[in-house]
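These are my notes from a session spent looking things up in one protein model. I began with its pocket and then turned to its interior.

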Amino acid sequence: MTRVLVVTGAGGVGKTTLSAALAVGAARNGLRTCVITVDPARRLANALGIDSLTNHPAPVTAQPGLSAAMLDVTAAWEAMVHRHADPDVADRLLTNPFFRALADRFPAAQAYAAGEQMAEHIESHRWDLLVVDTPPAGGGLDFYRAPGQVREVVGGRLLKWLTGAGLPGRRALFRITARPALRIADTVLGGPLLEEIAEFLMDLRSLYDGLSARARSIERHLQRAESIVVTTAEPTPLREARRFFDELQDVTGRPSTVVFNKQLPEDWSVSRNLRSPGLAPEVRSAARDNLARWASEVHLQRDIKREFAARYRLHLVDVPWAADPPTSVDALARLLNLSPELAEYAH
């Protein structure tokens with residue numbers, strides 16, 4: 001079976017870079033590896049030192065054994081609709097503005113498309129390891145919740161009530177009774193709004209069986225995956241990291257590890273006297289104050305990590321702060337080498 005690493009966390013914590021580093025490390029360890037990102041920004045391509053990524057995994061020429069892809073949400077939903085709906089229904093849905101808004105603008109719909117792509121890659125058996133860089137929306141939690149949310153929207157009580165689900169021949173009944181009335185109402189309103197909404201709801205309901213079965217298979221894949229939560233010592237990323245433990249226990253297993261990224265060097269924790277006689281007194285004082293602030297920040301990071309580890313009873317993995325982000329596979333490999341504990345996940 002394909003092993004899956006899901007790298008998640010709030011936006012801006014460096015999870016895309018770490019996903020790329022893990023993928024490079026795995027490929028260098030002889031694993032057929034694919035890394036996929038859901039982030040529409042070009043961070044994964046930039047980290048790998050390539051020009052662009054598409055919806056289909058393509059080999060990374062600088063690293064044998066590694067392929068990479070970036071989710072195209074529109075293409076993913078088009079494929080899903082054609083897979084789960086009759087051809088005429090699929091054509092109507094894909095041109096319906098309400099469906100386009102649902103698929104393109106709602107975070108849960110985008111996260112579900114990412115889960116669908118993840119499942120396809122797992123079930124293709126092409127890879128030994130699949131690294132998934134989750135979308136930043138909701139701190140990454142939307143990715144885990146999306147299958148259940150989409151299943152609830154498409155099969156929920158409200159949609160069943162609106163579409164008369166369970167009644168045999170309900171579409172024929174709609175065409176005979178409801179559609180003429182809606183057309184009259186749309187004539188009064190001056191546009192085909194109500195009829196389009198009703199048609200959209202009927203078509204959306206027809207996807208339920210296929211989407212529901214697929215959503216459950218995605219949830220099973222997520223239960224088997226290893227989750228790595230990436231955070232920094234900043235308040236917002238920490239709050240999102242805590243939510244994985246407080247809110248997601250029923251959706252996915254306990255995260256394999258929590259990575260504290262961008263950690264300042266421990267030797268900065270000691271303020272040092274400056275021995276530069278050429279410095280003006282005011283420059284010396286400002287530099288001394290600056291070093292003291294950095295030392296205080298190191299102590300603060302240490303206290304935050306200690307509290308986090310004690311609260312959730314786990315071991316944390318540190319990744320050192322780097323002045324410049326990696327933009328090549330060699331730089332990514334060096335970054336991974338700075339954290340041997342994280343590098344273990346690439347074996």
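I looked up which elements build the wall of the largest pocket in this predicted model, and found that α1 (15-28), α2 (43-48), β7 (257-263) and β8 (316-320) each give at least two residues to the lining. The largest share, four residues, comes from α1. I noted a volume of about 450 Å³ for this pocket, and of its 25 lining residues I wrote down Gly14, Thr17, Asn261, Lys262 and Pro325 as the closest to the centre. Sorted by class, the lining holds twelve nonpolar, eight polar and five charged residues.

Next I turned to the interior, where the largest nonpolar core has 55 residues, and the members touching the most others are Trp77, Phe99, Tyr112, Met118 and Phe308. Helix α6 (residues 107-124) provides the largest share of this core, with eight residues. Apart from this core I found another, of 37 residues, including Ala10, Val13, Leu129 and Val259.

I then followed Tyr112 and, leaving aside neighbours within four places in sequence, listed its contacts as Trp77, Met80, Ala146, Pro147, Val150, Leu211, Arg214, Ala215 and Ile218.

Last, I checked Gln63, which sits in the loop between β3 (58-59) and β4 (66-70). Is Gln63 buried or exposed? I count Gln63 as buried because its relative accessible area is 6%, under the 20% cut-off. Not counting residues up to four places away in sequence, Gln63 touches Val24, Ala27, Arg28 and Val329.

Notes. Residues numbered from 1 in each chain as written. Predicted model: local features only at pLDDT ≥ 70, side-chain atom pairs only at ≥ 80, totals over all residues. Heavy atoms only, no water. Core = buried A, V, L, I, M, F, W, Y, C linked by side-chain atoms within 4.5 Å. Buried < 20%, exposed > 50% of the residue type's maximum accessible area, 1.4 Å probe, protein only. Contact = heavy atoms within 4.5 Å. 1 Å grid on protein atoms, 1.4 Å probe; cavity = no way out; pocket = protein on both sides within 12 Å on 5 of 7 lines; lining within 4 Å. Points joined across faces, edges and corners; volume = space filled by probe spheres on them. Nonpolar A, V, L, I, M, F, W, Y, C, P; charged D, E, K, R; others polar.
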